[in-house]
Amino acid sequence: YPHWVEKLNDTQLDSGDQLRWECKATGKPRPTYRWLKNGVPLWPQSRIEMVNGVLMIHSVNVSDAGMYQCLAENKYGTIYAGAELKILASAPTFPLNQMRKTIIITKGQEVVIECKPQASPKPTITWKKGDKALRESKRITILPHGSLRILNASKSDEGRYLCQGINVFGSAEIIASLSVKEPTRIELTPKKIELTVGESIVLSCKALHDSTLDVTFYWTLNGQPIDFEKEGGHFESIKAQASSADLMIRNILLMHAGRYGCRVQTAADTVSDETELLVRGPPGPPGVVIVEEITDTTATLSWSPGADNHSPISLYNLQARSPFSLGWQIIKTVPDMISGDMESAMAVELNPWVEYEFRVVATNQIGTGDPSAPSRVIRTNEAVPKTPPANVSGRSGRRHELVIAWEPVSEEFQNGEGFGYIVAFRPNGTRGWKEKMVTSSDASKFIYRDESVPPLTPFEVKVGVYNNKGDGPFSPIVVICSAEGEPTAAPIDVKATSLSVSEILVAWKHIKESLGRPQGFEVGYWKDMEQEEAAEKVKTEGNESSILLTGLEGNTLYHLTVRAYNAAGYGPPSTAVRAATKKSPPSQAPSNIMWIQDGSHVSLGWEPVRPLPNESDVMGYKVLFRQEGQSNSQVIETQKTSAVVLLPDVGVYIIEVCAVSEGGDGTVSPQIRVPSFSGGKVTSAQSTLHVLSTSSSSVTLLLALMVPSASW
């Protein structure tokens, strides 16, 4: 049965072109071929040839358009392949944007004036300059697709050019005007610049151009346009004249080095020029720092040089950082001065058994650059410790104790593992040393206890150091005394005096001792119904012999003891004494207050306060008065239930009354507001009796107390 090997494809041809279609099929026996057009058998004619599956139509025209089929058949069957033939037939046309255009070039340039009409069949192209047919030459040629090329243009080439396309269906034409201008020239100065970081420069770009053309200036750095808004104020474009432009570069950085270009553009041409800017600056960071040949106090470092940034490197500094340093520190080296041509040096005077990082910093005439990246962390080798403890001294302790203290040696100076202290001591004037090992590297104290050692016995003391590598030096010898012991005598003549509802004054005497001198005293106190173990405690310092206890409960019996103390401990307590706080002051305020004002004198009276059974007895009264707006009151004390107040100044006065008792002042009465008049007295006709919450009987009583009978 036949099978297709090659089928037909839809085809589109210009009128007058040649069509060639081929269809191939396999089969046994070999297939034969027939052709159909629009379903009707196609036969050979003067323009049509059909040979072994190949169809050729010469000089096609519109009548040849249609659907074609190729049939391949043998005795086992027939197969079909179809395709459409389209014939294009149209008069020449030009795109609208090519109909009329003006071309501006400069002398010596090459120009191509396009003429590519759309037409079928392909049109014939003719060119005119002005009204005359254009003659081709070595400089002026018509290209195969119809466009016009002019080489090495000159002023004589200026003019109006017409291109016409013609075929059997019609014609069309386009017109182009050609202007030939003087070429633009550019001058960029200075040509090569060397600057130092932080300096500024102005690049000047001048254009010599045809006076009929406008020019536009563009600035580039290393071929990329300069974005003036994103460069942090370093660049500024300044156009002083129509034919020149300046580029201001302020506070130059290393990153600003490179090729600066000025491009001048006109309607006819574009020209550009470049200048090289070299920026000198501090060196770049050196390369990777390698650490080798490590000992207990030295390490050999090597590195690769970084960029010198156009100023030779004059010297290097080595810096180190450890867990004990405040950031990076310059370290001593061999050689002492590392010149710029060196790439290795030895760090010396390092501390043993310490972790270090190293970095290298380069310097040139411009300044010091950024440091290299830190090296890997290394640890120096162990060594015998060389630093003894500092500030060896004594501390207070208990009786028969020798307390030795010192400042611990920093881990930076311990020089290895297994670090500890050797504490050596002997009584003053003896020869043999007693030595004790303290294995903790953080220890700062050692206590030696010997019941046979009297208080305040002088000892010679020194503290040494050691680690796994061996013993280090001792500190200088100091003399320290054994502890004096805690106080041994209790205070005597302890007295407790109740002062108010919440205060008790405690006083005592202390027997002077040659040993166990007190640093202060502790007073313990507890309520009558409580156990001594629940006592609250208050301390004094120095030689105080009394203390005022405050914040106590009213009408309560307290037990009190006193004992001395120092750094060694507490002495025995005194015999307990007792004292009771006062009853609470009366809770009732003076009531039924009456007053009569006579000029600046105010006569007051009130009913007596009667305390409750659990309150203190009334011992008298206080009259408090102050001018309105002031905070401090004046006080008049009286044992009566009346008083006369003199108001010396003009203004309004606030007057209050309260009872006075052993337990303190009682509740204050409501405020009375009394005006004081300036000069003279209020007449009897103007005198007024004022009553604050009174009954009629109390008014009579108070009037008798306040006002003499002659004035009734």
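Helices (H or I, at least four residues) and strands (E, at least two) are DSSP runs, numbered from the N terminus. Residues are numbered from 1 along each chain as its sequence is written. This is a predicted model, in which local features need pLDDT of at least 70, side-chain atom pairs count only at pLDDT 80 or more, and totals for chains, interfaces and linings use all residues, while side-chain values use heavy atoms and leave out hydrogens and water.

**View 1. Two spans that UniProt labels "domain: Fibronectin type-III" (unreviewed entry).** Residues 285–383 are 0% helix and 38% strand, with end C-alpha atoms 34 Å apart. Residues 388–485 are 0% helix and 51% strand, and here the end C-alpha atoms lie 30 Å apart. UniProt annotations may be inferred rather than shown by experiment.

**View 2. The hairpin of β30 and β31.** Look for strand β30 (residues 290–292), which pairs with β31 in the antiparallel sense over three bridges (strands pair if DSSP finds at least two bridges between them). I290 has S302 as its bridge partner. Six residues separate the two strands, and E293 in the turn has a positive phi of about 50 degrees.

**View 3. Strand β31, covered on both faces.** A299 and L301 on one side, and T300 and S302 on the other, are all buried (under 20% relative accessible area, 1.4 Å probe, protein chains only). β31 also runs antiparallel to strand β36 (residues 344–347), joined by four bridges. A299 is partnered there with A347.

**View 4. A stretch to read with care, residues 694–712.** Here pLDDT (the predictor's confidence in each residue, from 0 to 100) stays under 50. Where pLDDT is low, the predicted coordinates should not be read in detail.

Key. Contact = heavy atoms within 4.5 Å. Buried < 20%, exposed > 50% of the residue type's maximum accessible area, 1.4 Å probe, protein only.
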